[in-house]
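Reader: I am new to protein structures and would like some help with this one. Could we go through it together, one question at a time?

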Amino acid sequence: MTDHNMTADRDRGAGVWPSIRAERAALAADLGHLTTDEWATPSLCSGLTVREVLAHLTASASLNTVRWLAGVIRCRFDFDKQVAMRLAEHLGTTPDETLERFRHVVPSRTKPALPAIAVLGETIVHGEDIRRPLDIRRDYPIEVVTQVAEYYRGTDLVVVAKGRIGGLKLVADDGPFTSGSGLLVSGPTMALVMAMTGRAAYCDDLDGEGVELLRSRCESA
């Protein structure tokens with residue numbers, strides 16, 4: 001990578017970090033008064049409670065490239081095992097401790113070898129994985145979710161998104177985001193982001209002849 005490209009990447013990242021911090025802070029605020037039963041609610045991440053997804057976000061904000069690689073090697077390149085190991089490290093003994101650990105990393109800029117926009121995407125998507133089962137609604141800044149949608153439409157890094165929307169034309173009805181050509185899928189930008197990243201429940205918020213194809217791709221992932 002040339003010096004010019006490295007500088008450009010740093011500049012883009014610098015613009016994303018305030019949004020990452022804002023989304024983490026908003027999530028922490030939303031979870032400040034959960035009951036014990038609510039913390040144990042199944043999230044949209046299969047097999048994980050909302051508390052465990054929050055611990056995963058804490059782990060992601062605590063893991064630099066060196067520690068990430070060390071964990072991958074320790075887990076013999078079993079990436080799911082690495083995620084589970086790091087989650088357990090940051091869960092804490094009580095839900096209050098889980099939340100306090102997450103609050104501590106709200107301003108963190110630590111990350112593995114991923115672009116900052118991937119961190120923003122993970123924060124927003126996992127935030128919704130937590131909020132939706134708890135019926136918590138967030139009014140996301142449209143420019144932020146549009147930025148995340150633009151990122152996911154062009155990548156299968158970390159999570160398959162680009163490959164899930166082939167042959168579909170995505171059109172947001174609350175912002176400027178559009179992508180692709182083919183069968184139409186339209187609706188809120190946030191619902192498009194969540195469906196792109198495999199959350200079938202958000203297909204209920206979408207319209208168009210391509211919705212059922214997208215839903216089937218979410219459910220078969």
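Author: Gladly! One term will help us on the way: two residues are in contact when they have heavy atoms within 4.5 Å of each other. Keep in mind as well that this is a predicted model.

Reader: Thanks! Which residues does Leu170 contact, leaving aside its neighbours within four places in sequence?

Author: Leu170 belongs to the covered face of β1, together with Leu168 and Ala172. With the neighbours within four places in sequence left aside, the contacts of Leu170 are Ile165, Phe177, Thr178, Ser179, Val185, Leu192 and Met196.

Reader: And which residues of β1 make up its uncovered face?

Author: In a regular strand the side chains alternate between the two faces of the sheet. In β1, Leu168, Leu170 and Ala172 are on the covered face. That leaves, for the uncovered face, Lys169 and Val171.

Reader: Which strand pairs with β1 in the parallel sense?

Author: Two strands are joined to β1, so let us take them in turn. Strand β2 (residues 178-179) runs antiparallel to β1, with 2 bridges between them, and Val171 stands opposite Thr178 there. A hairpin of 5 residues makes the connection from β1 to β2. The parallel partner, with 5 bridges, one of which sets Lys169 against Leu184, is strand β3 (residues 183-187).

Reader: How does the whole chain read along the sequence, as a pattern of helices and strands?

Author: There are 10 helices and 3 strands to place. Written in order, they give α-α-α-α-α-α-α-α-β-β-β-α-α.

Reader: How many residues are in the largest nonpolar core?

Author: Nonpolar side chains tend to be buried together in soluble globular proteins. In this chain, the core members that touch the most others are Leu120, Ile124, Tyr152, Leu170, Val185, Leu206 and Leu214. At least two core residues come from each of α1 (3-30), α7 (116-134), α8 (142-152), β1 (168-172), α9 (189-196) and α10 (211-219). The number of residues in this largest core is 39.

Reader: How many residues are in the other core, the one that lies apart from it?

Author: Leu31, Val50, Leu54 and Ile136 are among the members of this other core. Its number of residues is 17.

Reader: Is Thr41 buried or exposed?

Author: Thr41 is found in the loop between α2 (36-39) and α3 (50-60). Beyond four places in sequence, Thr41 touches Leu48, Thr49, Val50, Pro133 and Leu134. Its relative accessibility is 18%, and the cut-off is under 20%, so Thr41 counts as buried.

Reader: How many disulfides does the structure hold?

Author: Let us look at Cys203, which is buried at 1% relative accessibility. Its closest cysteine sulfur, in Cys218, is 4.4 Å away. A disulfide needs the two sulfur atoms within 2.5 Å, so this pair is too far apart for a bond. For the structure, the number of disulfides is 0.

Reader: Which residues have pLDDT that stays under 50?

Author: The chain has a mean pLDDT of 88, and 83% of its residues reach 70 or more. Where pLDDT is low, the predicted coordinates should not be read in detail. One stretch calls for that care, and the model has 2 contacts beyond four places in sequence for it. The stretch with pLDDT under 50 is residues 1-12.

Reader: Finally, what share of the 221 residues counts as buried?

Author: The accessible surface of the chain comes to about 11,000 Å², with 54% of it belonging to carbon and sulfur atoms. Of the 221 residues, the share that counts as buried is 47%.

Definitions and conventions:
Residues are numbered from 1 along each chain as its sequence is written. This is a predicted model: local features need pLDDT of at least 70, side-chain atom pairs count only at pLDDT 80 or more; totals for chains, interfaces and linings use all residues. Side-chain values use heavy atoms; hydrogens and water are left out. Helices (H or I, at least four residues) and strands (E, at least two) are DSSP runs, numbered from the N terminus. Buried means under 20% relative accessible area, exposed over 50%, partly exposed in between (1.4 Å probe, protein chains only). Accessible areas come from the Shrake-Rupley method with a 1.4 Å probe; for residues, only the protein chains shown count as cover. A nonpolar core is a set of buried Ala, Val, Leu, Ile, Met, Phe, Trp, Tyr and Cys residues joined through side-chain atoms within 4.5 Å. pLDDT is the predictor's confidence in each residue, from 0 to 100.
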